Amino acid sequence: MAFEVTDKRSADESSRDYAYRILRKNIMMLNLKPGEVLSEGDLSELLGMSRTPVHEALILLKNEDLVDILPQRGSKVSCISLNLVKEGFFMRQILEAAIIGEIAGSLSREQMVLVRENLRQQEELLAGPEPSTDQFLDLDDRMHRLLYTFSSRDRIWEAMHALNSHYDRVRYLDTLVNTVDLKTLQAHHNILYYYLLLGIPGDVDIQKFCHSHLGRFLLDFQRTMEAFPEYFAD
């Protein structure tokens with residue numbers, strides 16, 4: 001088990017919520033691998049808490065299809081479902097194309113400052129000698145979440161956060177297996193910035209833009225599956 005506790009518990013965070021957050025991060029970053037058996041006793045010891053909040057956190061993760069709880073046999077990290085990957089990708093590209101089309105060219109100066117600051121952090125990260133993929137994908141998620149916040153759809157983002165768990169694991173696995181140029185993804189974000197600032201040009205198909213940007217994992221998906229066939233189901 002390559003389980004990591006890298007984040008501290010915040011003052012207002014319950015034991016269950018903290019356990020959920022740390023466990024989910026480890027699953028999404030593949031420190032806890034698909035199919036790996038989970039011991040509530042071991043996890044509670046690593047997290048420094050009783051087994052009850054860990055058990056409750058695992059139930060929350062089960063509701064997101066990230067954990068399989070087997071009656072009288074314990075729990076394990078769910079394998080990546082291709083059907084759920086397809087659903088998550090379909091939902092993201094359709095929703096974000098619609099949201100970008102709705103808000104492009106109409107954002108306030110304050111909102112554009114938030115987008116620009118996120119881009120500055122991406123640029124700073126990628127300018128370093130060994131940019132962290134984890135940190136870049138975190139900034140990527142924060143930028144995309146801004147779209148939902150600006151369009152008053154935070155609840156949709158929260159719902160999608162759970163439904164996209166298998167799609168997001170594939171995106172991360174893609175960066176481990178294949179040569180993913182993070183600067184290309186960042187260039188897409190720069191293009192998105194100008195769409196948000198000035199509006200979408202008449203010759204741009206925003207649906208195709210979102211498909212290309214969010215579907216980078218499709219380019220080498222066969223190689224990803226061949227590298228870790230045991231991670232996938234259906």
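Let's start with the largest cavity. Its lining draws most on α8, which supplies 4 residues, the largest share. Keep in mind that this is a predicted model.

What else lines that cavity? There are 14 lining residues in total. Leu137, Arg171, Leu185, His213 and Arg216 lie nearest the centre of the largest cavity. Three helices each bring at least two lining residues: α6, α8 and α10, the last spanning 206-214. The space inside comes to about 140 Å³. As for chemistry, the lining of this cavity splits into 6 nonpolar, 4 polar and 4 charged residues.

How many cavities of 30 Å³ or more does the structure hold? The count is 2. So much for the first; on to the other.

The second largest cavity has about 30 Å³ of space. Here is its lining: Glu96, Ile100, His144, Leu192, Phe209, Cys210, His213 and Leu214. Two elements give two or more residues to that lining, α4, at 82-103, and α10. Which helix gives the most? For the second largest cavity, that is α10, with 4 residues. By class, this lining has 5 nonpolar, 2 polar and 1 charged.

Look at His213 for a moment. His213 is among the residues nearest the centre of the largest cavity. His213 also lines the second largest cavity. If you have the structure open, click on that residue and look at both spaces.

Now the pocket. The largest pocket has a volume of about 970 Å³. How many residues line it? The answer is 27. Nearest the centre of the pocket you find Arg24, Leu137, Asp138, Asp141 and His161.

Five helices each supply at least two residues of the pocket lining. In chain order, they are α1 at 15-28, α5 at 109-126, α6 at 133-150, α7 at 154-163 and α8 at 165-177. Which one leads? The largest share of the pocket lining comes from α6, with 8 residues.

What is the pocket lining made of? By class, 14 residues are charged, 9 are nonpolar and 4 are polar.

One more residue to pick out: Leu137. Leu137 lies among the residues nearest the centre of the largest pocket. Leu137 is also one of those nearest the centre of the largest cavity.

The helices tell a related story. Both α6 and α8 supply at least two residues to the lining of the largest pocket. Both also supply at least two to the lining of the largest cavity. And α10 gives two or more to the second largest cavity, as well as at least two to the largest cavity.

That's it from me. Over to you.

Key. Residues numbered from 1 in each chain as written. Predicted model: local features only at pLDDT ≥ 70, side-chain atom pairs only at ≥ 80, totals over all residues. Heavy atoms only, no water. 1 Å grid on protein atoms, 1.4 Å probe; cavity = no way out; pocket = protein on both sides within 12 Å on 5 of 7 lines; lining within 4 Å. Points joined across faces, edges and corners; volume = space filled by probe spheres on them. Nonpolar A, V, L, I, M, F, W, Y, C, P; charged D, E, K, R; others polar.
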